[in-house]
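Reader: Hi! I'm new to this one, could you walk me through it?
Author: Happy to, let's have a look together.

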Amino acid sequence: MKITAKAVETPNCVQCCCGNDLMKTLLPHLTEQLELCQKSLTGYLETKRNSFPRFYFCSDGVLLEILSQGSDPHAIVPHLQNVFDSLASLTFDKQKKYTATMMVANDKEDVPFSTPLNLAGNVEEYLGEIVNNMQETLHDLCRDCGAECDGMACEEIVNRFPAQIGILALQFAWTMDTEDALRRARQDKSSMSSANRKALNTLNEFITLTVRPTWTKLQRTNIETLITIQVHQKDVTDELVKKKVKDPGDF
């Protein structure tokens, strides 16, 4: 305030800055106090980052904004992409304002939480609960995938599971078929050829799905990804047949 008052009294910049010792005496003190404030702020932010390590992905400015708005989970949603790689948003219950029911990815794919999550308390605490709930939801989906994927049609995989779990379902099915064929290969010489034909039929089934005009952009992207994965799996099966592998441990 003293410096501001002096500037009002002396409008000339050179006279105000050089005509007295006020600047020389006050500015070093202010710089020292500013450094103390910065040190305290850095220590505070470090404690928050230690309690929720994903805050290390955020700059100091973004983290301060998150902490200042932490009491309102809706205000935190725009900052989720600074903390999570692919989580773009959350869907909240219409009646329970702070209860998150669904996670939304960057490509707009939405996955319901296995258990709706009430976001309350410190921001670092409920963000940690979001991480735990995301993991539990994916565990549940993986468990369902492992139980249901055997014999599941390609279209059902696309409709039943999120993209990440759909890839897992396809890999589960191919792995089970290939291992079963390898175990029977010594007794049944055609088992690997049959597994190869099945892999080709699965690939053709996915390719057939691409011509359907009713798919959404997201579903079409998922199908194209599954085709890429299945092409790779088909190539591996071709290689196993070509090298006449007849045992799962034959490496």
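Author: Here is a short chat about one helix and one pocket. This is a predicted model, where local features need pLDDT of at least 70, side-chain atom pairs count only at pLDDT 80 or more, and totals for chains, interfaces and linings use all residues. Residues are numbered from 1 along each chain as its sequence is written, and side-chain values use heavy atoms, with hydrogens and water left out.

Reader: Cool. What should helix α11 span, and how far apart are its end C-alpha atoms?
Author: Helix α11 covers residues 217–242, so at 1.5 Å a residue its 26 residues should span 38 Å, and its end C-alpha atoms are 37 Å apart, which agrees. The expected span is 1.5 Å times one less than the number of residues, and helices are DSSP runs of H or I with at least four residues, numbered from the N terminus.

Reader: And which residues of α11 are buried?
Author: Among them are Asn 222, Ile 223, Leu 226, Ile 227 and Gln 230. Buried means under 20% relative accessible area with a 1.4 Å probe, protein chains only.

Reader: What comes just after α11?
Author: Lys 244, which takes a positive phi of about 55°.

Reader: Switching topic: which element gives the largest share of the lining of the largest pocket?
Author: That is α7, with five residues. 24 residues line the pocket, with α9 among the elements giving two or more. A pocket is an open set of points on a 1 Å grid over the protein atoms alone, with protein on both sides within 12 Å along at least five of seven lines; lining residues have an atom within 4 Å of a point.

Terms used
Buried means under 20% relative accessible area, exposed over 50%, partly exposed in between (1.4 Å probe, protein chains only). On a 1 Å grid over the protein atoms alone, a cavity is a set of points where a 1.4 Å probe fits but cannot get out, and a pocket is an open set with protein on both sides within 12 Å along at least five of seven lines; lining residues have an atom within 4 Å of a point.
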